[in-house]
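Biologist: Please take one part of this model and go through it closely. I would like to know where it sits, what covers it and how far the prediction can be trusted there.

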Amino acid sequence: ESYPNNTIWRIETFTERSFDDEFERAIVNDIPLVPAVFTIMSVFTCLVFWRRDPVLSRSLLGFGAVISVLLSIMTGYGLLFTIG
């Protein structure tokens, strides 16, 4: 929006609905990013911990760490949902 340069007053409004709409839009747009981030983290940790020697390779350890974080987040949300 462009405002004329000669205006002295500028009125800004705030409504509860606009905040709720923006908050919902931000959450809905971020939902598809969550699985993508966990996939990227899993691939990254597997690559970082991978070694040619199968005994020394710790790629499953990195993948398990990412899964552990995912399960802990899901457990936290589940407990909060149960509590109310």
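**A close look at one helix contact**

Modeller: Thr-45 lies in helix H2, residues 33-49; helices here are DSSP runs of H or I with at least four residues, strands are runs of E with at least two, and both are numbered from the N terminus. This is a predicted model, in which local features need pLDDT of at least 70 and side-chain atom pairs count only at pLDDT 80 or more, while totals for chains, interfaces and linings use all residues. Residues are numbered from 1 along each chain as its sequence is written, and side-chain values use heavy atoms, with hydrogens and water left out.

Thr-45 counts as buried because its relative accessibility is 17%; buried means under 20% relative accessible area, exposed over 50%, and partly exposed in between, with a 1.4 Å probe and protein chains only. Leaving aside residues up to four places away in sequence, Thr-45 touches Gly-62, Phe-63 and Val-66, where contact means heavy atoms within 4.5 Å. Ser-42 is also in helix H2. Ser-42 is buried, with a relative accessible area of 11%. With the same sequence neighbours left out, Ser-42 touches Phe-63 and Val-66.

Now the other side of the contact. In H3, the buried residues are Ser-59, Gly-62 and Val-66, and H2 is part of what covers the buried residues of H3. H3 has 25 residues and spans 36 Å from its first C-alpha to its last, close to the 36 Å expected at 1.5 Å a residue; the expected span is 1.5 Å times one less than the number of residues. Just after H3, Gly-84 has a positive phi of about 115°.

Ile-67 is in helix H3, residues 59-83, and counts as partly exposed because its relative accessibility is 30%. Ile-67 joins Leu-60, Phe-63, Leu-71 and Met-74 in a nonpolar surface patch of about 500 Å². Phe-63 thus belongs to this patch, and Phe-63 is also touched by Thr-45.

As for the whole chain, there are three helices and zero strands. Of its 84 residues, 7% count as buried. The average pLDDT, the predictor's confidence in each residue from 0 to 100, is 83 for the chain, and 88% of the residues score at least 70. Confidence is highest in H3, at a mean of 91, and lowest in helix H1 (residues 16-30), at 79.

Definitions and conventions: Patches are made of residues with over 30% relative accessible area and no salt bridge: like charges are joined within 9 Å, nonpolar side chains (Val, Leu, Ile, Met, Phe, Trp, Tyr) within 5 Å. Accessible areas come from the Shrake-Rupley method with a 1.4 Å probe; for residues, only the protein chains shown count as cover. A salt bridge is a side-chain nitrogen of Lys or Arg within 4 Å of a carboxyl oxygen of Asp or Glu.
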